[in-house]
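Please open the model in a viewer and keep the sequence panel visible. The tour below proceeds from one selection to the next.

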Amino acid sequence: MMGQQVLVLNHNMKRESGRKVQTGNINAAKTIADVIRTCLGPRAMMKMLLDPMGGIVMTNDGNAILREIQVQHPAAKSMIEISRTQDEEVGDGTTSVIILAGEMLSVAEQFLEQQMHPTVVISAYRQALEDMLETLKDLSSPVDTSDRSMMLKIVHSAINTKALSRWSELACGIALDAVRTVELEDNGRKEIDIKKYAKVEKVPGGIIEDSCVLRGVMVNKDVTHPRMRRLIKEPRIILLDCSLEYKKGESQTDIEISKEEDFNRILQMEEEYIQHICEDVIRLKPDLLFTEKGISDLAQHYLMKANITAIRRVRKTDNNRIARACGARIASRTDELREEDVGTGAGLFEVKKIGDEYFAFVTECKDPKACTILLRGASKEILAEVERNLQDAMQVCRNVLLEPFLLPGGGAVEMAVSKRLMERSRSLTGVDQWPYRAVAQALEVIPRTLIQNCGASTIRVLTSLRAKHTQENSVNWGVDGETGCLSDMMALGIWEPLAVKAQTYKTAVETAILLLRIDDIVSGHKKKDKDGQMGGQGAE
């Protein structure tokens with residue numbers, strides 16, 4: 001009885017446990033980190049990805065690359081997840097967070113091989129994270145957000161690692177202007193909503209130098225009637241989200257008519273209704289009318305006679321942007337229109353043909369709180385990449401405005417923090433100090449990768465960088481990503497926002513902790529996997 005095997009799990013369940021899972025997870029994390037490794041720094045390589053539909057993505061933005069990769073291993077999936085978190089939270093540092101997390105895990109591998117318990121490693125990591133964040137606070141220097149040249153420097157160091165670096169002057173200006181425009185101070189609380197109010201419109205054609213931030217909004221629409229005016233100076237704008245056509249019944253409606261005159265009466269009622277709602281609008285003497293729904297031909301005729309330009313079926317988001325830009329209020333019903341709903345903040349309305357499409361511009365606004373960024377470029381792929389880079393740049397601007405503290409870039413912070421952790425680890429007792437020291441070593445992966453990517457000798461430069469950091473007042477020394485030499489980041493003007501760095505460290509260490517905690521993977525598989533293709537095999 002004793003020797004009999006007891007089956008608890010289903011036949012087609014696969015269970016891996018213990019050391020095997022941990023090494024599997026660490027390898028998966030390392031693989032993901034290796035994919036991204038060459039995308040760090042100003043000398044970064046681009047990756048070209050084909051998605052299953054046959055479209056192409058060309059990018060060196062960590063998050064964009066990982067989004068396209070299909071992965072089977074569960075640990076690798078959580079690595080991809082963290083780059084997305086980083087992108088949503090602070091918008092920059094997506095590449096470095098993956099590289100750091102991968103490195104944190106690979107330094108933990110030797111402790112697991114020495115039979116050290118994962119919880120010991122984890123508690124040391126936790127301790128190290130707290131000290132790291134503390135050190136970051138000490139190293140950071142406050143920044144004056146109204147100083148334009150300083151802000152441009154910060155954005156420049158974010159764009160420098162991207163494909164946009166050739167046009168970095170232009171791009172920095174665009175990003176800074178856009179963020180400055182949508183910045184709102186509300187009861188002492190800053191609100192910067194890039195996603196809603198800074199719209200990026202990509203129009204293929206032209207050259208990248210033609211890109212600009214419009215002081216106002218652009219909509220991909222033409223006027224509804226060919227005889228309406230296409231250029232209006234200082235227009236009075238009305239925004240509606242109801243339709244200017246006869247209301248149809250919600251469900252199917254049947255009308256029985258006994259006399260022939262009644263039919264004419266019904267048609268007449270429809271016309272009277274349309275005339276009535278048009279008069280409501282005309283009463284306010286606007287020049288421009290945007291509505292989110294349709295406008296019937298008859299309504300167009302009435303508006304045309306009153307010399308009002310109408311544009312129909314505008315997106316709701318665009319309508320909100322126009323409202324923010326020219327100070328109008330969106331009205332839901334025509335009979336509720338008041339004088340204060342009319343927007344008078346815009347200086348110019350015009351319809352232009354760009355490429356083969358018509359665009360309506362509402363520009364030269366007095367104090368716009370929304371804007372459109374117009375991007376031009378040779379092809380779709382280039383535009384998509386430029387947009388991603390601009391998003392990063394705008395996020396960096398936003399981070400600095402919300403939390404005006406800076407750290408030196410180029411791996412200088414990592415080296416400084418690493419040195420501080422090394423000093424701290426000497427005061428620790430017991431086994432904890434080894435994993436703690438390992439975290440300090442793991443941080444050096446950022447400057448190391450920067451050196452590798454520009455082809456300099458890793459060992460020589462890293463050693464001299466380490467030596468440099470032992471001297472006094474050399475916290476700002478890092479790797480110049482262009483040449484691979486040591487240089488003072490302050491002189492080069494390479495800065496990073498504190499928010500980005502802190503978030504990177506938090507996410508990387510937390511992920512490492514999470515993946516070290518796992519000691520068992522149970523994957524249930526359907527019967528149809530005859531070939532024994534089981535999940536949980538590495539991502540290779």
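Select Asp480 to begin: this residue counts as buried because its relative accessibility is 15%, where buried means under 20% relative accessible area, exposed over 50% and partly exposed in between (1.4 Å probe, protein chains only). Asp480 sits in the loop that runs between strand S19 (477-479) and strand S20 (486-488). Helices (H or I, at least four residues) and strands (E, at least two) are DSSP runs, numbered from the N terminus. Now display what surrounds Asp480: apart from neighbours within four places in sequence, it is in contact with Cys454, Cys485, Ser487, Met489 and Leu492, contact meaning heavy atoms within 4.5 Å.

The structure is a predicted model, in which local features need pLDDT of at least 70, side-chain atom pairs count only at pLDDT 80 or more, and totals for chains, interfaces and linings use all residues. Residues are numbered from 1 along each chain as its sequence is written, and side-chain values use heavy atoms, with hydrogens and water left out.

Next, select Ile65, in helix H2 (residues 62-68). Ile65 has 0% relative accessibility and therefore counts as buried. Not counting residues up to four places away in sequence, Ile65 touches Ile36, Cys39, Lys47, Leu49, Thr59 and Asn60. A distance may be drawn from here: the C-alpha atoms of Ile65 and Ala76 are separated by 14 Å, the two residues being 11 apart along the chain.

Move then to Ile56, in strand S3. Ile56 counts as partly exposed because its relative accessibility is 36%. Add Met46, Met48, Leu50 and Met58 to the selection: together with Ile56 they form a nonpolar patch on the surface, with about 490 Å² of accessible area. Patches are made of residues with over 30% relative accessible area and no salt bridge, like charges being joined within 9 Å and nonpolar side chains (Val, Leu, Ile, Met, Phe, Trp, Tyr) within 5 Å. A salt bridge is a side-chain nitrogen of Lys or Arg within 4 Å of a carboxyl oxygen of Asp or Glu. Accessible areas come from the Shrake-Rupley method with a 1.4 Å probe, and for residues only the protein chains shown count as cover. Strand S2 (47-50) and strand S3 (56-59) each supply at least two residues of this patch.

Finally, select the whole protein chain. It contains 18 helices and 22 strands, and its C-alpha atoms fill a box of roughly 95 × 75 × 45 Å along the principal axes. Of its 540 residues, 51% count as buried.
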